[in-house]
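Let's take a walk through a protein model together, one piece at a time. Keep the picture beside you as you read.

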Amino acid sequence: MSTAPGAAIVGMGDAYASLDNRKDPLQLAVEATTAALADAGIRKDQVDAVFTGRSPWADKRSQWSNIFISHMQMPVTLTSELTMHGAGLTATIAVASQMIAVGAAEYVLCLQSDATQLFVDAVAMGAEADADPQFEVPYGPTIPALYAQAARRYFHEFGLTEEDLADVAVANQRWGAHHPYAAKRKHGEIDRAKVLASPYVATPLRRWMCSTWGGGTGGALIVTSAEKAREAQNPVYVLGCGSATTHEYLGDRMNMRHCRYPGLGEFPNLTHTATAEAARQAYAMSGLGPSDIDMMQISVNFAHMGPIVMEDLGFAKKGHGIDVYREGRTGIDGDLPTDTNGGWLSFGQPGISCNMDSLVEAVRQLRGQALGLAPARRPRTALVQGAGGMLAAGSVALLSSST
Amino acid sequence: MTDAKVLNDWPQPYRLMDAQPYWEALADEQLTFQRCADCEQAVWPAHSVCTHCGSAGLSWEQSSGRGTIYSYSTILRGPTPVWSAIAPYTVGFVQMDEGYFLFTQIEGEPDGIEIGKEVSARFVQRGEQKLPVFALVTSGEEG
């Protein structure tokens with residue numbers, strides 16, 4: 001049923017920093033890229049294009065992708081930043097695949113790094129980066145408070161509770177407690193009571209329902225044609241991609257009266273995201289559906305986004321995504337292991353690189369090279385969902401160890 | 001002026017030209033919004049062209065200043081010292097009676113704030129700027 005993939009990831013590199021082992025975003029990017037080039041068995045002069053997400057929070061110079069190739073002394077035909085927040089990173093795989101498909105590139109480097117915790121007061125600058133500076137910032141919103149607008153509506157419309165959100169945090173921490181670079185690893189596994197005893201950050205979200213800023217990470221992927229990938233050792237094929245974005249500022253989204261994408265429901269709403277359309281595209285391109293997915297790495301920066309994303313990806317009807325967690329499907333013995341590095345909730349968000357961490361985790365799991373826990377049966381097909389902004393953008397990539 | 005000074009001040013709106021009439025009216029404690037002459041829908045935030053039908057026939061109207069709470073969150077941890085000083089405070093979307101959604105601060109005890117409750121606007125001075133904030137309508141004010 002699935003169509004032949006056009007592209008594959010043939011090189012992967014990752015790099016990590018912490019308060020005790022400080023590295024800046026440029027250092028992390030160089031380390032990850034060097035490892036990815038070696039993994040792919042190519043030289044830097046064979047890279048034709050470089051795509052990144054937006055500038056790292058810890059190094060906000062504009063033209064960051066061009067700063068990187070300059071620093072590397074690595075001339076290429078094209079550099080660009082896909083600035084759909086975290087979703088842009090997943091979309092770099094799609095753009096790389098398209099360039100390769102039309103013969104405009106042989107090898108493309110998809111890259112991101114960040115180290116917010118090590119260099120930035122993220123609480124102080126957080127909402128200012130993602131809220132409307134004209135109509136929202138003057139009211140002092142924080143990122144948790146903007147996401148909480150959706151949580152409150154989700155509770156109101158579908159009857160979910162804080163207990164449900166606690167279960168998402170517990171499920172993710174079960175993975176994160178065993179990943180060597182997870183920001184919340186030191187806390188070990190937790191239970192519902194622990195989540196519900198943690199203080200509110202922005203109601204109804206408590207501290208354990210919010211992702212944390214954790215250390216620094218870099219991730220680099222070398223994409224080439226599926227044909228060339230036949231010579232590679234551990235290729236990961238790109239079976240399908242999709243992306244969509246509906247807004248930058250939540251106030252714009254709230255004042256939309258309709259949306260061209262039927263998967264996003266009646267407008268206005270805060271309980272459907274652009275991920276629904278991104279998933280539709282990726283499933284259509286690959287010929288796959290939810291039942292073909294063995295593993296997922298998704299963007300759960302706040303606990304309610306777990307069930308909402310599950311619904312948008314087609315694993316449950318709207319309002320029922322929590323069942324996927326309740327039934328244990330996302331765990332190591334489940335049929336849909338999800339966020340196997342702990343996800344953004346437990347692994348943390350080193351910054352804009354958090355979605356590259358999801359891609360790295362998917363590649364590692366598909367190759368049988370997990371740094372943390374891995375399910376007994378190695379996954380063959382993994383779905384990576386990147387989201388970003390204030391419920392703004394969604395992007396999906398379907399990756400597989402086989403064609 | 002030091003960075004610390006900036007962090008300690010109320011953040012001022014990043015004014016764009018479409019919204020100039022909105023900010024000017026607020027200085028006189030008037031809450032305004034745009035309406036499209038062609039499709040008759042309320043338009044918000046401020047635009048040059050109607051987001052619903054594409055018409056350039058937008059004009060400013062005064063809002064009743066009344067609406068209902070669509071969603072909200074009470075912030076326990078303020079992002080900077082000025083906000084920490086007033087925490088806990090609540091931000092949310094108000095569905096205005098005219099049909100648009102305004103992001104704002106909702107004053108009052110957090111426990112009393114609920115989706116669907118009626119609110120009305122009042123004005124507060126924040127630095128150089130007068131801003132509309134909302135408070136629950138008590139039964140005595142109704143009618």
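In what sense do strand β1 and β3 of chain B pair, and over how many bridges? Strand β1(B), residues 32-36, runs antiparallel to β3(B), and the two are joined over five bridges. To spot the pairing by eye, look for B:Q34, which stands opposite B:W60 in β3(B). Before going further, keep in mind that what you're looking at is a predicted model.

Those two strands belong to an open sheet of three strands in chain B, ordered β2-β1-β3, with antiparallel pairing. At the edges stand β2 (42-43) and β3 (58-62) of chain B; each has a single partner strand, so one side of each is left without a neighbour in the sheet.

Now zoom out to chain B as a whole. The domain assignment splits it into domain 1, residues 14-62, and domain 2, residues 64-143. Their C-alpha centres lie 21 Å apart. Where these domains of chain B meet, eight residues of domain 1 are in contact with 11 residues of domain 2. On the domain 1 side of that meeting place you'll find six nonpolar residues, one polar and one charged.

How sure is the predictor about this chain? The mean pLDDT of chain B is 92, and 92% of its residues reach 70 or more. Be careful with the start, though: over residues 1-7 of chain B the pLDDT stays under 50, and the model has four contacts beyond four places in sequence for that stretch. For the complex, the predictor gives an ipTM of 0.95 and a pTM of 0.96.

Next, hop over to chain A. Its open sheet has nine strands, in the order β3-β2-β4-β7-β1-β8-β11-β10-β9, and the pairing is mixed. The edge strands here are β3 (78-81) and β9 (295-297) of chain A; with a single partner strand apiece, each has one side left without a neighbour in the sheet. From one strand to the next, the twist averages 25 degrees. At the β9 end, β9(A) pairs with β10(A), residues 381-388, in the parallel sense over three bridges. One place to look is A:Q297, whose bridge partner in β10(A) is A:V384.

Helices sit on this sheet too. Helix α1 of chain A, residues 25-40, touches β1, β4 and β7 of chain A, and its direction makes about 140 degrees with that of β1(A). Helix α15(A) lies across several strands, including β8, β9, β10 and β11 of chain A, and runs at about 175 degrees to β10(A).

Helix α15(A), residues 354-366, also packs against helix α3(A), residues 85-101, at an angle of about 35 degrees, with the axes 8 Å apart. From α3(A), the contact uses A:G86, A:L89 and A:T90, while α15(A) brings A:C354, A:N355, A:M356 and A:L359. Four of these residues are nonpolar, three are polar and none is charged.

Finally, how do the chains meet? Here 33 residues of chain A are in contact with 36 residues of chain B. Chain A's side draws at least two residues from each of α5, α6, β5 and α10. The most come from α6(A), which gives six. Sorted by type, that side of chain A has 19 nonpolar, nine polar and five charged residues.

Technical notes: Residues are numbered from 1 along each chain as its sequence is written. Chains are lettered from A and ligands numbered from 1 in the order in which they are written. This is a predicted model: local features need pLDDT of at least 70, side-chain atom pairs count only at pLDDT 80 or more; totals for chains, interfaces and linings use all residues. Domain bounds come from an automatic or database domain assignment. Two residues are in contact if their C-beta atoms, placed from the backbone, lie within 7 Å. Ala, Val, Leu, Ile, Met, Phe, Trp, Tyr, Cys and Pro count as nonpolar, Asp, Glu, Lys and Arg as charged, and the others, Gly among them, as polar. Helices (H or I, at least four residues) and strands (E, at least two) are DSSP runs, numbered from the N terminus. Axes are lines fitted to C-alpha atoms, for helices over the stretch in contact, and angles run from 0 to 180 degrees between N-to-C directions. pLDDT is the predictor's confidence in each residue, from 0 to 100. Two strands pair if DSSP finds at least two bridges between them.
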